[in-house]
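Q: I am new to this structure and would like a close look at a single part of it: its aromatic rings. Could you walk me through how they pair up, and what sits around them?

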Amino acid sequence: EEMLNNGFDRRSQQLFAPKEYVQTYTTCYNMCTQRSPYNWSEQLYQRHGETICNYLNETVLPALKNKRSEYLLKELTERWNNHKIMNKWMQKFFMYLDRYYVKHHSLPTLDVAGLKHFKNLVYGEVKKEAVGAILTMIDTERDGAMIDRDLVKNCVELIEAMGMGSLDSYCADFEEELLNATKEYYKRISQAWIESDDTPTYLEKAEKALEAEKQRVANYLNSSSEPKLLRVCESE
């Protein structure tokens with residue numbers, strides 16, 4: 001927990017010494033290979049989930065609570081990156097649970113369980129405001145200003161990950177809102193062009209807008225959004 005709160009040394013190739021890892025893995029192995037009533041597999045699996053949930057509830061959510069706009073997105077992506085590291089090491093330490101107890105009882109793997117906890121406790125709490133902040137950044141870029149594209153890309157990838165192997169979360173939580181926001185933006189801007197520009201200038205601006213949307217997809221959106229995005233732009 002201290003590592004997650006204070007940050008990692010990104011130059012380090014490993015967070016735990018081999019001796020630490022082996023000791024923890026061996027303890028887990030010993031607790032899972034005893035005969036009942038001395039087999040602690042069920043309790044370890046439950047404690048794995050409780051540990052992650054406690055950290056998310058007591059540390060991550062409070063850190064996000066008062067953040068807005070880009071500050072929320074930066075904090076969210078940082079917490080997500082930390083969660084992935086924590087999830088990875090928890091899975092490594094308790095690998096023996098995955099190999100036998102999880103398979104035997106048809107339970108979610110430790111990796112999947114950790115992802116679900118983040119999705120339910122953190123993502124579900126902030127997704128509406130986070131998506132709104134992303135869309136504001138996209139509109140800002142459409143207006144000609146510079147934005148942090150890497151931040152938008154990281155946030156979009158986080159939303160994709162919440163689909164756990166599918167684009168369900170991306171489509172339902174983000175893409176639908178993106179298309180609605182895009183429609184409203186070009187409805188407004190095209191009216192301004194009609195009022196101020198002659199036909200050749202209007203067509204030139206419309207063509208540049210379409211190319212910009214294609215580039216936007218390439219920069220930070222899922223490629224499946226391109227045809228939908230262009231259809232919305234062309235309709236307006």
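A: Here is a walk through the aromatic rings, with a short stop at the cavity afterwards.

This is a predicted model, in which local features need pLDDT of at least 70 and side-chain atom pairs count only at pLDDT 80 or more, while totals for chains, interfaces and linings use all residues. Residues are numbered from 1 along each chain as its sequence is written, and side-chain values use heavy atoms, with hydrogens and water left out.

Let us begin with the pairs. A pair of aromatic rings is described by the distance of the centres and the angle of the planes. Here, rings of Phe, Tyr and Trp (its six-membered ring) pair if their centres lie within 6.5 Å; planes under 30 degrees apart count as stacked, over 60 as edge-to-face and the rest as tilted. The structure holds eight aromatic pairs. In one of them, Tyr45 and Tyr101 have ring centres 5.9 Å apart and planes at 50°, so this pair is tilted. Because Tyr45 lies in helix α3 (residues 41-65) and Tyr101 in helix α5 (residues 95-104), the pair ties together parts that are 56 residues apart in sequence. Helices are DSSP runs (H or I, at least four residues), numbered from the N terminus. Both Tyr45 and Tyr101 are buried, where buried means under 20% relative accessible area, exposed over 50% and partly exposed in between (1.4 Å probe, protein chains only).

Trp193 and Tyr202 make an edge-to-face pair, because their ring centres are 6.1 Å apart and their planes stand at 80°. Trp193 is buried, with a relative accessible area of 15%, whereas Tyr202 is partly exposed, at 22%. Elsewhere, Tyr29, Tyr96 and Tyr100 form one aromatic cluster.

Charges join the picture too. A charge sits over a ring if NZ of Lys or CZ of Arg is within 6 Å of the ring centre and within 35 degrees of the ring normal. Lys92 lies over the face of Trp89, 5.9 Å from the ring centre. Arg142 has its charged end over the ring of Tyr185, 5.6 Å from the centre.

One more tyrosine takes us to the cavity. Tyr123 is among the residues that line the largest cavity, and so are Leu76, Lys127 and Cys155. A cavity is a set of points on a 1 Å grid over the protein atoms alone where a 1.4 Å probe fits but cannot get out, and lining residues have an atom within 4 Å of a point. Helix α6 (110-142) and helix α7 (149-161) each give two or more residues to this lining, and α6 gives the most, with five.

Key
1 Å grid on protein atoms, 1.4 Å probe; cavity = no way out; pocket = protein on both sides within 12 Å on 5 of 7 lines; lining within 4 Å.
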